Amino acid sequence: CSRKMATALDTTNTMVKKHVIELLSALCVYSAEGYSCAVDALEHHKATKDKRHRFCLITDEFKKAETVQYKTTLLGFINCIIISTERLEDRVRIRNEFIGLELLELLRKLRREEYADPDLEVQLRVFEEQRETDEDQLITPEGVNLNSSVDVFYAIYRQVCEGPQAVSFLAILQHLLRLDKKDPTSNVIWEILEKLVHRATLLEHESEADRMLKTGLRKLEKGVEKVMAERHAGGHNSAAAGNGQHASIASSMGNTATSDSDASASDPTPPSPSLTHTPPSSTPP
């Protein structure tokens, strides 16, 4: 049913789209199942319309909206999605997805236009208050803002800069630097790498590492193959670029799996230190 509602958004009738968004908002706050259905509708729209991001439907509508009432409804839907997400980490991630789609700039533009609309003011205030509340919980005792990529980067740098892990850290950064954000294939690579890193931080035994890497490599290959198949009609040049990124990451993962397996018996790697532990020595250049 929710997927049919998402399909109903393929219309030029603003009133119809507004009612659909309101129904999806109601689904979000009604129950956990309703929330899942609303998010699934956005995922379905992303897949059927060949979009790169699941929330671009909302932000695209926001950019095109001509009435303050429709903009208020869209922002209300965004707030419903965020607030109805239970875990702090998931809320922050979803909010950051919207921010990555230029939501903050859209909201700044709204404020500059100074609409005298009390409902819009409520939604703007809810968004900012919820954001501040969540971000306050992401400041560690050492002062690291876990929602800041710069803070987290330097915290990790200080942890590894004088140890053997610095070599791996630099190699990881070099591989990531080769990813072209304009290439849809990079989305798949980033998503799978994120999942792999998360799983790696949960490993309890070294024997699990090789299996995890092999599973991750298979997922990466399947994900890239799917993207390349979808883009095949778009031209060989873009496909070649995507294959180059895939080959680079896949090769490095395969080499890592082999070297880690060979070295595990004689040189066990100690557990990774906590992100919030920042040694006092050495500061980045």
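Me: Where is Phe153 placed?
Reply: In this predicted model, Phe153 lies in helix α9.

Me: Is Phe153 buried or exposed?
Reply: Phe153 is partly exposed, and its relative accessible area is 31%. Because a patch residue needs over 30% relative accessible area, Phe153 meets that cut-off with its 31%.

Me: Which residues make the nonpolar surface patch, then?
Reply: The patch is made by Val150, Phe153, Tyr154 and Leu173, and its area is about 310 Å².

Me: Which helix gives the largest share of the nonpolar patch?
Reply: Helix α9, spanning residues 149–160, supplies that share with 3 residues.

Me: Changing topic: how many helices and strands does the protein have?
Reply: The protein contains 13 helices and 0 strands.

Me: What about the accessible surface of the whole protein?
Reply: The accessible surface amounts to about 17,300 Å², with 55% of that belonging to carbon and sulfur atoms. Of the 285 residues in the protein, 35% are buried.

Me: And the contacts: what share joins residues at least 24 apart?
Reply: That share is 65%, taken among contacts between residues at least 6 apart in sequence.

Me: How many disulfides are there?
Reply: The count is 0 disulfides.

Me: Why is there no bond for Cys80?
Reply: The closest cysteine sulfur to that of Cys80 belongs to Cys28 and is 6.0 Å away, which is too far for a bond. A disulfide would require the two sulfur atoms to be within 2.5 Å.

Me: Are Cys80 and Cys161 buried or partly exposed?
Reply: Cys80 is buried, at a relative accessible area of 17%, whereas Cys161 is partly exposed, at 23%.

Technical notes. Residues numbered from 1 in each chain as written. Predicted model: local features only at pLDDT ≥ 70, side-chain atom pairs only at ≥ 80, totals over all residues. Heavy atoms only, no water. Patch = residues over 30% accessible without salt bridge, like charges linked within 9 Å, V, L, I, M, F, W, Y side chains within 5 Å. Areas by Shrake-Rupley, 256 points an atom, 1.4 Å probe, with all protein chains shown as cover. Salt bridge = Lys/Arg side-chain N within 4 Å of Asp/Glu carboxyl O. Helix = DSSP H or I, 4+ residues; strand = E, 2+ residues; numbered from the N terminus. Buried < 20%, exposed > 50% of the residue type's maximum accessible area, 1.4 Å probe, protein only. Contact = heavy atoms within 4.5 Å.
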